[in-house]
Amino acid sequence: MMFTASGMHDSSGVWSASGSRSLADLLQSSASKDDDELAYVIDVAARRGLLALDSLEEFFRLVPRLAERPVVLDAAIDAVIQVRERAGESRSKLIADLQVSYPEHKEAIQVAAALSSVVVGSSRGGASGMGASRSLPEDLGPVTPDGLPRYSLREALGSGSQGQVYLAVDRLMSRDGAPSYVAVKFLRGHVILQADQRTAAEEAIKARRISHPSVARVIDRGVSLRGESYVVFEHVDGGNAEHHIRRHGPLTERDAARLVVAVARGIQAIHAAGLFHCDLKPSNVLLTRSGEPRITDFGLARWVSDRGVATPGDEQGNGAIGFAAPEQFEGTQPLTAACDVYALGGLVLYLATGAVPNGESPTEARRNVFTGSSGGPINSAAVGRLRDPVLRSICARALHRDPRERHSSAEAFANDIERWLRHEAIDWIPQPASQRIARWLRRERKAVIAAFVFLLIAAAGILWGGQQYIEGREQRILKE
């Protein structure tokens, strides 16, 4: 069993530039990491084909108290499942074999099997009665030391294609007089152990891989007494970006750009964790009371394969048609990071103008996606509503129908927006001399004002000096 890390790098020093390392070396180098970080290391190594083992025995031997560390155990079981599947073993057979070999971990193996299911799905999912008959408040979750379930559902926050979301009190984290609120999302479907369902555990295992200020933090996951899969997120109390624009109207172009830069940095962190979000839209960008964004809803997120494309699945029909990249609906090419870049461009457009990038109605959006022009944005008229020509060019590139013509990454998109915010040149956007001068004047405004004030003072001094000279000369003439 070897761990090969050829060409892999990260800031933690886990990956080496060349050669191979044993699982023991990998775990030793990660000994200081917490459970989430260690699970991430194992997960990345397994997904990229860098682990070659077919037994849990070495994980149990090398990871202290593995049975008591469910996050790490999930990752270890998933790694074994992936390796054995790649070797051609039947999924149902290998899961059955693991359960026979480790009967005391039967449930954990079943859960991990659900987690490692191919991450596919459609936002066209049918409605479910889940949550419709709830009588609030309702208790949920594991029992805390005070004898009560951890979560108390208080009110419905909303319902979407992927499930119902409730506001809940987290009794474990609450203090006297200071309740701690969380958001509990019930996914459509039934029991977490059904490998063909999109489960709460599946969404949580994806979301927990990301640690970034602009990504909503996953707190917990589980199954209710009714057999409903749920995931618990931090509660973000400022509503979502869609509701904000509907209530208050569009933001200024600069405010919209600043907000989306933070979202783009979060999307880049998601990509770095080995996922594509694939469902970025205003309703999935929550806002704190101070206006900071939090990306949520990983229900359609897709694992990234070692070729840099989304894992295979039903490409057609994924995401919200108003903001999804054309390739998500056409199904003609693999999904890449460019699908999230497209949504970032659409997010700027929506926040600054209220326009939906693919069209103002489902009918218009479908017409634009499937019959629109082959070059440039599929909805050029909407992009034209942006007033600043440079911002317009940036968004037009991000919203290009051809993913190869978009920014190479969410980071590249964010960098261009930040350059625009700083009034700096963007090398791929040609500008006439008059615009370059105007941009320089805006960027160096303080220096220009200081220089102007200095010149005014100097001119006043010269005038005053000249006046004094003239008056002195006149006085001397009169005396003569």
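A disulfide is a pair of cysteine sulfur atoms within 2.5 Å. The model is predicted, with local features needing pLDDT of at least 70 and side-chain atom pairs pLDDT 80 or more, while totals for chains, interfaces and linings use all residues. Residues are numbered from 1 along each chain as its sequence is written, and side-chain values use heavy atoms, with hydrogens and water left out.

**Exercise 1. Cysteines**

Task: How many disulfides does the structure hold, and which cysteine sulfur is nearest to that of cysteine 278?

Solution.
- Step 1. Apply the cut-off: the count is 0 disulfides.
- Step 2. Check cysteine 278: its nearest cysteine sulfur belongs to cysteine 339, 4.0 Å away, and cysteine 278 is in no disulfide.
- Step 3. Look at cover. Buried means under 20% relative accessible area, exposed over 50%, and partly exposed in between (1.4 Å probe, protein chains only). Cysteine 278 has 4% relative accessibility, so it is buried. Cysteine 395 is buried too, at 0%.
- Step 4. Place cysteine 278 in the chain. Helices (H or I, at least four residues) and strands (E, at least two) are DSSP runs, numbered from the N terminus. Cysteine 278 sits in the loop between strand S9 (275-276) and strand S10 (285-287).
- Step 5. Read its backbone: phi of cysteine 278 is positive, about 70°, although the residue is not a glycine.

**Exercise 2. Aromatic pairs**

Task: Are the rings of phenylalanine 60 and tyrosine 102 stacked or edge-to-face?

Solution.
- Step 1. Know what to compare. A pair of aromatic rings is described by the distance of the centres and the angle of the planes.
- Step 2. Take the cut-offs. Rings of Phe, Tyr and Trp (its six-membered ring) pair if their centres lie within 6.5 Å; planes under 30 degrees apart are stacked, over 60 edge-to-face, and the rest tilted. The count by this rule is 4 aromatic pairs.
- Step 3. Classify the pair. The centres of phenylalanine 60 and tyrosine 102 are 5.6 Å apart and the planes meet at 25°, so the pair is stacked.
- Step 4. Locate both rings. Phenylalanine 60 is in helix H3 (residues 57-62), and tyrosine 102 is in the loop between helix H5 (91-101) and helix H6 (106-115). The two are 42 residues apart, so the pair links distant parts of the chain.
- Step 5. Check cover. Phenylalanine 60 is partly exposed at 23%, and tyrosine 102 is buried at 9%.
- Step 6. Try another pair. Tyrosine 166 and phenylalanine 186 are edge-to-face, with 5.9 Å between centres and 85° between planes. Tyrosine 166 is in strand S5 (residues 163-170) and phenylalanine 186 in strand S6 (residues 181-187), 20 residues apart.
- Step 7. Check cover again. Tyrosine 166 is buried at 2%, and phenylalanine 186 is buried at 0%.
- Step 8. Widen the view: Tyr166, Phe186 and Tyr230 form one aromatic cluster.

**Exercise 3. Salt bridges**

Task: Which residue forms a salt bridge with aspartate 237, and where do the partners lie?

Solution.
- Step 1. Recall the principle. Side chains of opposite charge can pair when their charged atoms come close.
- Step 2. Apply the rule. A salt bridge is a side-chain nitrogen of Lys or Arg within 4 Å of a carboxyl oxygen of Asp or Glu. The count comes to 16 salt bridges.
- Step 3. Find the partner. Aspartate 237 pairs with arginine 289, with the closest N and O atoms 3.1 Å apart.
- Step 4. Place the partners. Aspartate 237 is in the loop between strand S8 (229-234) and helix H8 (241-248), and arginine 289 is in the loop between S10 and strand S11 (293-295), so the pair ties together parts 52 residues apart in sequence.
- Step 5. Check cover. Aspartate 237 is partly exposed at 36%, while arginine 289 is exposed at 71%.
- Step 6. Turn to a buried pair. Arginine 134 and glutamate 138 form a salt bridge, with 2.7 Å between the closest N and O atoms. Both arginine 134 and glutamate 138 are buried.

**Exercise 4. Backbone**

Task: Which residues does a cis peptide bond join?

Solution.
- Step 1. Name the residues: leucine 136 and proline 137, with omega about 0°.
- Step 2. Place proline 137: it lies in the loop between H6 and strand S3 (138-143).
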